[in-house]
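Reader: I am new to this structure, and I would like to understand the terms used for it as well as the values behind them.

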Amino acid sequence: MAFDYSQYGGLLVGRQDKVFTITLNAPETLNAFTGPMHTSMSRIWDDVNDDPDVHVVVLTGAGRAFSAGGNVIAMQKKIDDPGAWEAGMPEARRIVFRMLECDKPIIARVNGHAVGLGATIALLLRHHYRG
């Protein structure tokens with residue numbers, strides 16, 4: 001079964017041998033999470049987990065930062081609209097839980113600042129691997 005990683009917006013993905021690299025790809029905003037990036041990060045881990053050609057994952061950021069965290073403009077819109085906030089919370093939980101549930105080792109290559117959600121993800125991976 002071939003996995004189609006092209007569907008994950010806001011991320012660059014690549015494979016070298018059995019090492020799969022996921023790059024947060026919004027360097028102009030220091031990889032602050034965009035809507036597509038947030039959605040992609042909540043979904044990509046199921047494919048990574050099930051892909052027999054992936055033995056280890058490296059998660060990094062494009063440019064000079066790992067991630068500036070959440071997009072503050074989008075967060076303010078969600079604060080102003082409680083319905084939008086409630087709708088976004090399941091996706092945010094999925095990012096964390098799906099990463100924790102992934103059976104493959106995930107290494108954070110922190111190439112610069114990691115703030116907010118970016119710091120959460122980087123620190124989360126410190127305790128992830130169960131192998």
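Author: What follows takes up a buried residue, a helix and a pocket in turn. This is a predicted model, in which local features need pLDDT of at least 70 and side-chain atom pairs count only at pLDDT 80 or more, while totals for chains, interfaces and linings use all residues. Residues are numbered from 1 along each chain as its sequence is written, and side-chain values use heavy atoms, with hydrogens and water left out.

Reader: Why is D51 called buried?

Author: Buried means under 20% relative accessible area, exposed over 50% and partly exposed in between, with a 1.4 Å probe and protein chains only. D51 has a relative accessible area of 2%, and is therefore buried. Its place is in the loop between α1 and β3 (56–61), where helices (H or I, at least four residues) and strands (E, at least two) are DSSP runs, numbered from the N terminus.

Reader: Which residues does D51 touch, not counting those up to four places away in sequence?

Author: D51 touches F3, Y5, R15 and K104, contact meaning heavy atoms within 4.5 Å.

Reader: Where does α1 bend?

Author: The bend of α1 is about 35° and lies at R43, taken as the angle between axes fitted to the seven residues ending there and the seven starting there. Buried residues in α1 include M37, H38 and W45.

Reader: What classes of residue make up the lining of the largest pocket?

Author: The lining has eight nonpolar, seven polar and two charged residues, where Ala, Val, Leu, Ile, Met, Phe, Trp, Tyr, Cys and Pro count as nonpolar, Asp, Glu, Lys and Arg as charged, and the others, Gly among them, as polar. A pocket is an open set of points on a 1 Å grid over the protein atoms alone, where a 1.4 Å probe fits, with protein on both sides within 12 Å along at least five of seven lines, and lining residues have an atom within 4 Å of a point.
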